[in-house]
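This report covers charged pairs, a loop histidine and aromatic pairs in one protein model. The sequence and the coordinates come first.

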Amino acid sequence: MGSGRIWSYRNTEVVGSKAELVLNAQGADMFVAKVTGSLVSTQKADSLVGHKLLIVEPYRLEADQRRSLVSTGRTLVAVDGLGAGEGDYVLLTQGSSARLTPETREAPIDTVVVGIVDQVHIDQQSVYSREEE
């Protein structure tokens, strides 16, 4: 695995080369966010019917100590097909990559949950563990 950073999330392990919470997989930026709520919309595009909408807050690695995740202060709406809930950390992708899943292929979606984070390790140190929450 070399000197890369290890990002573990349900059923998958990704090795990245950056210290930030941004991964590059097949040209698509992926990032970690915390689910802070949900959104209900009774009137929406037909292709969005049945999609669960979450309010998420992107997180980044705290710059000074590099031992915790901190909010970026932004808020996004993301489509979730994995069953994430409030308080979960999730792995997101945006843009055209958000429409590459079978569930989102035909929908006007810009942000989608592609993983539920179990652990984040930076410099051989755990900065987040789902089990410790």
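The sections below go through the basis of the values, the salt bridges, one histidine, and the aromatic rings.

## Basis

The model is predicted, so to speak of a local feature requires pLDDT of at least 70 and a side-chain atom pair counts only at pLDDT 80 or more, while totals for chains, interfaces and linings use all residues. Residues are numbered from 1 along each chain as its sequence is written, and side-chain values use heavy atoms, with hydrogens and water left out.

Strands are DSSP runs of E with at least two residues, numbered from the N terminus. For accessibility, buried means under 20% relative accessible area, exposed over 50%, and partly exposed in between, with a 1.4 Å probe and protein chains only.

## Salt bridges

Side chains of opposite charge can pair when their charged atoms come close. The criterion used here for a salt bridge is a side-chain nitrogen of Lys or Arg within 4 Å of a carboxyl oxygen of Asp or Glu. The structure holds three of them.

One salt bridge joins the side chains of D80 and K52, at 3.7 Å from N to O. D80 belongs to strand β7 (residues 76–80) and K52 to strand β5 (residues 52–61), so this pair ties together parts that are 28 residues apart in sequence. D80 is buried at a relative accessible area of 5%, whereas K52 is partly exposed at 37%.

## Strands β5 and β7

The backbone also relates these two residues: K52 stands opposite D80 in β7. Strands pair if DSSP finds at least two bridges between them; β5 and β7 run antiparallel and are joined by five bridges. Four of the five residues of β7 are buried, so this strand is largely enclosed by the rest of the structure.

## Salt bridges from loops

R66 and D123 meet through their side chains in a salt bridge of 2.9 Å, N to O. R66 sits in the loop between β5 and β6 (69–71), and D123 in the loop between β9 (111–122) and β10 (125–129), so the pair ties together parts that are 57 residues apart in sequence. Both residues are partly exposed: R66 has a relative accessibility of 26%, and D123 has 44%.

Most residues other than glycine have a negative phi, and most peptide bonds are trans. R66 is not a glycine, yet has a positive phi of about 55°. D123, likewise a residue other than glycine, has a positive phi near 50°.

A further salt bridge is formed by R130 with D88, whose closest N and O atoms are 3.4 Å apart. This pair links distant parts of the chain, with R130 in the segment after β10 and D88 in the loop between β7 and β8 (89–94), 42 residues apart. R130 is partly exposed, at 27% relative accessible area, while D88 counts as buried at 14%.

## Histidine 51

H51 is placed in the loop between β4 (28–39) and β5, and counts as buried at 17% relative accessibility. A polar atom of the H51 side chain lies 3.3 Å from the backbone oxygen of S47.

What does H51 touch when neighbours within four places in sequence are left aside? With contact taken as heavy atoms within 4.5 Å, the partners of H51 are K44, V79, E103 and A107.

## Aromatic rings

A pair of aromatic rings is described by the distance of the centres and the angle of the planes. Rings of Phe, Tyr and Trp (its six-membered ring) pair if their centres lie within 6.5 Å; planes under 30 degrees apart count as stacked, over 60 as edge-to-face and the rest as tilted. A search of the whole structure finds two aromatic pairs.

The rings of Y59 and Y89 have centres 5.2 Å apart and planes at 85°, so this pair is edge-to-face. Y59 lies in strand β5 and Y89 in strand β8, so the pair ties together parts that are 30 residues apart in sequence. Y59 and Y89 are both buried.

The rings of Y89 and Y128 have centres 4.5 Å apart and planes at 55°, so this pair is tilted. With Y89 in strand β8 and Y128 in strand β10, the pair ties together parts that are 39 residues apart in sequence. The relative accessibility is 6% for Y89 and 7% for Y128, which also counts as buried. Ring pairs thus link Y59, Y89 and Y128 into a cluster.

Note on methods. Polar contact = N/O pair within 3.5 Å; in protein donor to acceptor, adjacent residues only side chain to side chain.
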